[in-house]
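Colleague: I have a model open and would like to go through it with you. Could we begin with how the helices pack?

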Amino acid sequence: MAIHYKELGLSNTKELFAKAIAGGYAIPAYNFNNLEQLQAILQACVETKSPVILQVSSGARKYANATLLRNMAKGATEYVKELGYAIPIVLHLDHGDSFELCKDCIDNGFSSVMIDGSHLPYEENVALTKKVVEYAHKFDVSVEGELGVLAGVEDDVVAEHSSYTRPEEVEDFVKRTGVDSLAISIGTSHGAHKFKPEQCTRNAEGVLVPPPLKFDILEEIEKRIPGFPIVLHGSSSVPMEHVNTINQYGGKIDAAIGIPEDQLRKAAKSAVCKINIDSDGRLAMTAAVRKVLAEKPGEFDPRKYLGPARDVLKELYMHKNINVLGSAGKA
Ligand SMILES: O=C(CO)COP(=O)(O)O
Ligand SMILES: O=C[C@H](O)COP(=O)(O)O
Ligand SMILES: [Zn+2]
Ligand SMILES: [Zn+2]
């Protein structure tokens, strides 16, 4: 039996994106796979009064189970009320790769789906995206499409092979597919290794600074589809603090480089109204777990290491909402 997202108390992206573009901020899209990540996201967003997009990848869906996830999302809308403030919550499928997967999510309470046909030839991307939009819109579910390929996970080459979005395609794509938002490629990429050290310069403090995002392409896109909601994937900043903690306590993560916060702040002020962050949360949690386990080798109660990890994660998300995306106070 199908369940509509409104029965779960969720929102689609329509109004949230319109307000974010008009207000010059971006809505956080945070991935979750388990209870502690969900708690951290919701606590941070309630405390900062920020709307939130809960992102579920197909991998997360397999990991956590579709039925449990749907009930976690229902629980989320009740939990935020218990915490004292009913922020708008979107449940979004991240990187949907087929019509069937998108349909299954729509039938199971998702209020938004991404159909990622960016790796397909243009006409096939249009056809697949249009098919998802036609189904989704019958149920008032939002759809994110993508043009341009991000380096990294999307093409199996780490941070060197990307093809930027071609501005001359966006108007035709948006018109013919009917999508509600468009993910673009302007130099971000997935994971914790977005650039090679050789691509970076060093600032006065000796910190590696990667090449800037392609804001000229973003501007060109905005000119062609004024006021249309734009999405940035691969927007983790890879905080050195957490990478160093991981390495200090037995981990080994080399040459990790993310998107500097000032670049994201600049993007959030534009038509970019959804910013995807997953890796930073993974790093923060891993750092906290490693620290506790290293300092307390006798500890074997998962609450004693996942609890502190949840607190570090919450702090990270609060920082993003307040200081980077500008979504704090907008719920
Ligand atoms: O784009 C993302 C999820 O869709 C996450 O990107 P990061 O790997 O930079 O966190
Ligand atoms: O874009 C990818 C997201 O970070 C989700 O990653 P995942 O497929 O490992 O769950
Ligand atoms: Zn993609
Ligand atoms: Zn992504």
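Modeller: This is a predicted model. In it, the axes of helix α11 (residues 279-295) and helix α12 (residues 302-325) come within 8 Å and cross at roughly 140°.

Colleague: Are α11 and α12 oblique or roughly antiparallel to each other?

Modeller: They are oblique, because only angles over 145 degrees count as roughly antiparallel. The crossing of α11 and α12 is right-handed.

Colleague: Which residues of α11 and α12 meet?

Modeller: From α11, the residues are D280, G281, A284, M285, A288, V289, V292 and L293. They meet K304, Y305, P308, A309, V312, L313 and L316 of α12. By class, this contact of α11 with α12 has 12 nonpolar residues, one polar and two charged.

Colleague: What about α6 and α7: at what angle do they pack?

Modeller: Helix α6 (residues 122-138) packs against helix α7 (residues 167-177) at an angle of about 35°, and their axes are 9 Å apart. This crossing is right-handed. On the α6 side the contact is made by Y122, V126, T129, K130 and V133, and on the α7 side by E169, F173, R176 and T177.

Colleague: How many of the residues in the contact of α6 with α7 are charged?

Modeller: Three are charged, alongside four nonpolar and two polar residues.

Colleague: And α2 with α4: how do their axes cross?

Modeller: The axes of helix α2 (residues 35-47) and α4 come within 10 Å, crossing at roughly 40°. Here too the crossing is right-handed. L38, L42, Q43 and V46 of α2 make the contact with M72, A76, Y79, V80 and L83 of α4. Eight of these residues are nonpolar and one is polar, with no charged residue.

Colleague: Let us turn to the ligands. Which residues surround ligand 2?

Modeller: Ligand 2 is surrounded by N31, S57, G59, A60, D94, H95, H190 and D278. Two elements, α3 (58-64) and β3 (89-96), give two or more residues each to that shell. By class, the shell around ligand 2 consists of one nonpolar, five polar and two charged residues.

Colleague: S57 is in that list. Where is S57 found, and what does it touch?

Modeller: S57 is found in strand β2 (residues 52-57). Leaving aside residues up to four places away in sequence, S57 touches N31, D94 and H95. Those three residues also belong to the shell around ligand 2.

Colleague: Is S57 buried or partly exposed?

Modeller: S57 counts as partly exposed because it has 17 C-beta neighbours inside 10 Å, whereas a buried residue would need 20 or more. As for distance, the C-alpha atoms of S57 and I106 are separated by 14 Å, the two residues being 49 apart along the chain.

Colleague: Now ligand 1: how many residues are around it, and which come nearest?

Modeller: There are 14 residues around ligand 1, and H233, S236, N276, D278 and S279 come nearest. The elements giving two or more residues to this shell are β3, β10 (272-277) and α11. By class, the shell around ligand 1 has one nonpolar, 10 polar and three charged residues.

Colleague: Does anything link the two ligands, and if so, what?

Modeller: D278 is one of the residues surrounding ligand 2, and D278 is also among those that come nearest to ligand 1. Likewise, β3 contributes two or more residues to the shell of ligand 2 and to that of ligand 1.

Colleague: A change of topic: backbone angles. What is the phi of N65?

Modeller: Phi of N65 is near 80°, a positive value in a residue other than glycine. Most residues other than glycine have a negative phi. N65 is placed in the loop between α3 and α4 (66-83), and N65 counts as exposed because it has 12 C-beta neighbours inside 10 Å.

Colleague: And A255: what is its phi, and where does it lie?

Modeller: A255 has a positive phi of about 45°, although it is not a glycine. A255 lies in the loop between α9 (240-248) and α10 (261-268). With 13 other C-beta atoms within 10 Å, A255 is partly exposed, since exposed residues have 12 or fewer.

Colleague: Last one: is D216 exposed or buried?

Modeller: D216 is exposed, with 12 other C-beta atoms within 10 Å. Its place is in helix α8 (residues 215-224). D216 and I186 are 30 residues apart in sequence and 9.0 Å apart in space, C-alpha to C-alpha.

Technical notes: Residues are numbered from 1 along each chain as its sequence is written. Chains are lettered from A and ligands numbered from 1 in the order in which they are written. This is a predicted model: local features need pLDDT of at least 70, side-chain atom pairs count only at pLDDT 80 or more; totals for chains, interfaces and linings use all residues. A residue is near a molecule or strand if its C-beta atom, placed from the backbone, lies within 6 Å of it. Helices (H or I, at least four residues) and strands (E, at least two) are DSSP runs, numbered from the N terminus. Ala, Val, Leu, Ile, Met, Phe, Trp, Tyr, Cys and Pro count as nonpolar, Asp, Glu, Lys and Arg as charged, and the others, Gly among them, as polar. Axes are lines fitted to C-alpha atoms, for helices over the stretch in contact, and angles run from 0 to 180 degrees between N-to-C directions. Angles under 35 degrees count as roughly parallel, over 145 as roughly antiparallel, 65 to 115 as roughly perpendicular and the rest as oblique. A crossing is left-handed if the near helix is turned anticlockwise from the far one by less than a right angle, and right-handed if clockwise. Two residues are in contact if their C-beta atoms, placed from the backbone, lie within 7 Å.
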